[in-house]
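User: I would like a close look at one part of this model, with the surroundings worked through carefully rather than listed. Please begin with the aromatic side chains and go on from there to whatever they lead to.
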Amino acid sequence: MKKNLLFVLLIASVSVSAQTTHVISWFMGVSSAQASKTVNAGDTVKWTWDDSAPHTVTSIAGGAETFNSGQLTGSNQEYSRVFNVVGATNYRCSIHAMMQGTITTQQVMGTGELIAPDFVFSPNPVTDILTINSKSV
């Protein structure tokens with residue numbers, strides 16, 4: 001019985017871990033510092049076009065990941081990517097080479113907050129079917 005409850009708590013704690021979306025404003029004149037982020041594996045980076053010029057978000061060979069947004073034109077365009085491979089990836093706009101940055105992906109070593117839900121289970125002892133209820137999840 002205890003083994004089953006521990007398994008359920010493990011599954012619940014894994015599902016609690018959340019990914020983060022990091023937003024980068026992508027426009028003529030963006031600095032490398034503004035366009036660079038350090039993210040956890042599994043996080044999303046979203047570039048938003050903040051001018052009307054055509055731009056791309058294109059990885060530079062030799063990085064941890066490879067991606068290419070294709071050419072997008074117009075304010076409020078977006079390109080998103082989930083980063084899973086640990087390491088650094090340099091990227092740029094293939095149209096405006098001065099627009100560049102680095103996404104550094106790091107391995108998640110733990111969670112910032114762990115919540116132990118208030119579980120109620122029945123029957124106890126269980127024979128075939130275990131019912132689990134929680135006030136929060």
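How many aromatic pairs does a search of the whole structure find?

Analyst: The model is predicted, and a search of the whole of it finds seven aromatic pairs. One of them is formed by phenylalanine 67 and tyrosine 91, whose ring centres are 6.3 Å apart and whose planes stand at 50°, so this pair is classed as tilted. Phenylalanine 67 belongs to the loop between S5 and S6 while tyrosine 91 belongs to strand S8 (residues 87–92), so the pair ties together parts of the chain that are 24 residues apart in sequence. Both partners are covered: phenylalanine 67 counts as buried because its relative accessible area is 5%, and tyrosine 91 counts as buried because its relative accessibility is 0%. These two residues also belong to one aromatic cluster, which is made up of Trp26, Trp47, Phe67, Tyr79, Phe83 and Tyr91.

Tyrosine 91 leads from the ring pair into the sheet. In S8, tyrosine 91 is the bridge partner of serine 59, and S5 and S8 are joined by two bridges and run antiparallel. These strands are part of an open sheet of four strands with mixed pairing, in the order S2-S9-S8-S5. Its edge strands are S2 (37–40) and S5, each of which pairs on one side only.

The loop that carries phenylalanine 67 also holds glutamate 65, which is placed between S5 and S6. Glutamate 65 has a relative accessible area of 6%, and because this is under 20% the residue is counted as buried. Leaving aside residues up to four places away in sequence, glutamate 65 touches Ser59, Arg81, Val82, Phe83, Asn84, Val85 and Thr89. Two of these names are familiar from above: Ser59 is the bridge partner of tyrosine 91, and Phe83 is a member of the aromatic cluster.

The contact with Arg81 has a charged component as well. The side chains of glutamate 65 and arginine 81 meet in a salt bridge, with 2.7 Å from N to O. This pair links distant parts of the chain, since glutamate 65 lies in the loop between strand S5 (58–59) and strand S6 (72–73) and arginine 81 lies in strand S7, 16 residues apart. The two partners fall into separate accessibility classes: glutamate 65 is buried at 6%, whereas arginine 81, at 23%, counts as partly exposed. Arginine 81 also returns the account to the aromatic rings, because its charged end sits over the ring of phenylalanine 83, 5.8 Å from the ring centre.

The structure holds two salt bridges, and the other one involves S7 too. Glutamate 78 forms it with lysine 46, with the closest N and O atoms 3.8 Å apart. Here again distant parts are linked, with glutamate 78 in strand S7 (residues 78–83) and lysine 46 in strand S3 (residues 43–49), 32 residues apart. Neither end of this bridge is classed as buried, because glutamate 78 has a relative accessibility of 46% and counts as partly exposed, and lysine 46, at 23%, is partly exposed as well.

The backbone gives this second salt bridge a setting. S3 and S7 run antiparallel and are joined by six bridges, and in S7 the bridge partner of lysine 46 is serine 80. S3 itself is mostly covered, with six of its seven residues buried. S3 also pairs with strand S1 (residues 21–26), in the parallel sense and over six bridges; there, tryptophan 47 of S3 is the bridge partner of isoleucine 24. Tryptophan 47 is one of the members of the aromatic cluster, so the covered strand S3 contributes to that cluster through a residue paired with S1.

For the wider frame, the protein comprises one helix and 11 strands, and buried residues make up 28% of its 137 residues. Among contacts between residues at least 6 apart in sequence, 52% join residues at least 24 apart, and the pair of phenylalanine 67 and tyrosine 91 joins parts that are 24 residues apart.

Terms used. Residues numbered from 1 in each chain as written. Predicted model: local features only at pLDDT ≥ 70, side-chain atom pairs only at ≥ 80, totals over all residues. Heavy atoms only, no water. Salt bridge = Lys/Arg side-chain N within 4 Å of Asp/Glu carboxyl O. Buried < 20%, exposed > 50% of the residue type's maximum accessible area, 1.4 Å probe, protein only. Pairing = 2+ DSSP bridges. Contact = heavy atoms within 4.5 Å. Phe/Tyr/Trp six-rings, centres within 6.5 Å; stacked < 30°, edge-to-face > 60°. Lys NZ or Arg CZ within 6 Å of the ring centre and 35° of its normal.
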